[in-house]
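User: I've got a model open and want to talk through a few residues. Can we start with the cysteines?
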Amino acid sequence: MEKLDLEKLKYPIGKFTAPTKFTAEYIAVQIQEIATFPERLKKETIHLNDEQLDTAYRPGGWTIRQLIHHCAESHMHCFIRIKWALTENNPVIKPYDEVLWSELPDNLRMPILPTLNLLEGLHFRLAYIMRNLSEDDLEKSFVHPENNSEYRLKEIIGTYAWHSNHHLAHITTLKKYKNWE
């Protein structure tokens with residue numbers, strides 16, 4: 001039972017599952033999730049104090065502060081990867097070690113407001129570029145060298161919508177458990 005609980009804490013909305021068909025409606029819904037993420041994240045976190053921000057969402061997990069900074073870093077990579085896929089033929093992207101990044105001083109101690117503001121502009125740009133992708137653009141791809149897998153832009157849209165909601169659920173689940181407003 002404890003393992004099941006830890007798994008639920010790790011994946012409160014479940015693991016990402018790609019649809020069998022990427023319909024225009026599916027893509028539009030996922031882009032809307034991406035567009036609204038910064039507002040939803042800010043609503044859940046802006047009022048938290050430092051002690052709350054420095055609370056891990058699960059044993060061995062990141063703090064809320066680290067989650068917020070991680071989302072900005074991960075989603076900046078998403079933006080750059082989309083640009084590469086649109087301007088190069090199936091480029092191999094540069095991976096980064098998100099665990100090591102999460103341990104840097106900015107992720108551990110920096111206030112969240114600058115990152116929340118960064119996410120607002122970044123997600124506006126992500127949603128804008130995603131809404132303007134043609135059918136051909138949605139099929140463009142990049143290669144992640146970590147597993148030598150190819151990712152199409154239509155898959156990336158779903159993945160990052162899930163990623164946004166995944167980390168937001170980490171925060172809302174912790175807040176509910178701790179009875180934080």
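Analyst: Sure. A disulfide here is a pair of cysteine sulfur atoms within 2.5 Å. Keep in mind that this is a predicted model.

User: How many disulfides does the structure hold?
Analyst: It holds 0 disulfides.

User: Why is there no bond for C71?
Analyst: The closest cysteine sulfur to that of C71 is in C78, 12 Å away, so it is too far for a bond.

User: And are they buried or exposed, C71 and C78?
Analyst: C71 counts as buried, at 2% relative accessibility. C78 is also buried, at 0%.

User: Switching to threonines. Where is T45 found?
Analyst: T45 is in helix α2, which covers residues 24-45.

User: What does the side chain of T45 reach?
Analyst: The backbone oxygen of L41, at 2.8 Å.

User: Which residues is T45 in contact with, leaving aside neighbours within four places in sequence?
Analyst: L53, I64, I68, I112, L116 and I171. T45 is buried, with a relative accessible area of 0%. Its C-alpha is 9.5 Å from that of L113, although the two are 68 residues apart along the chain.

User: OK, now T63. Where does that one lie?
Analyst: T63 lies in the loop between α3 (50-53) and α4 (64-87).

User: Is T63 buried or exposed?
Analyst: Buried. Its relative accessibility is 14%, and the cut-off for buried is under 20%.

User: What is T63 in contact with, leaving aside neighbours within four places?
Analyst: L53, D54, T55 and A56.

User: How far apart are T63 and T17 in space?
Analyst: 26 Å, C-alpha to C-alpha. In sequence, T63 and T17 are 46 residues apart.

Terms used: Residues are numbered from 1 along each chain as its sequence is written. This is a predicted model: local features need pLDDT of at least 70, side-chain atom pairs count only at pLDDT 80 or more; totals for chains, interfaces and linings use all residues. Side-chain values use heavy atoms; hydrogens and water are left out. Buried means under 20% relative accessible area, exposed over 50%, partly exposed in between (1.4 Å probe, protein chains only). Helices (H or I, at least four residues) and strands (E, at least two) are DSSP runs, numbered from the N terminus. Contact means heavy atoms within 4.5 Å. A polar contact is a pair of N or O atoms within 3.5 Å; within protein, one must be able to donate a hydrogen and the other to accept it, and residues adjacent in sequence count only if both atoms are side-chain atoms.
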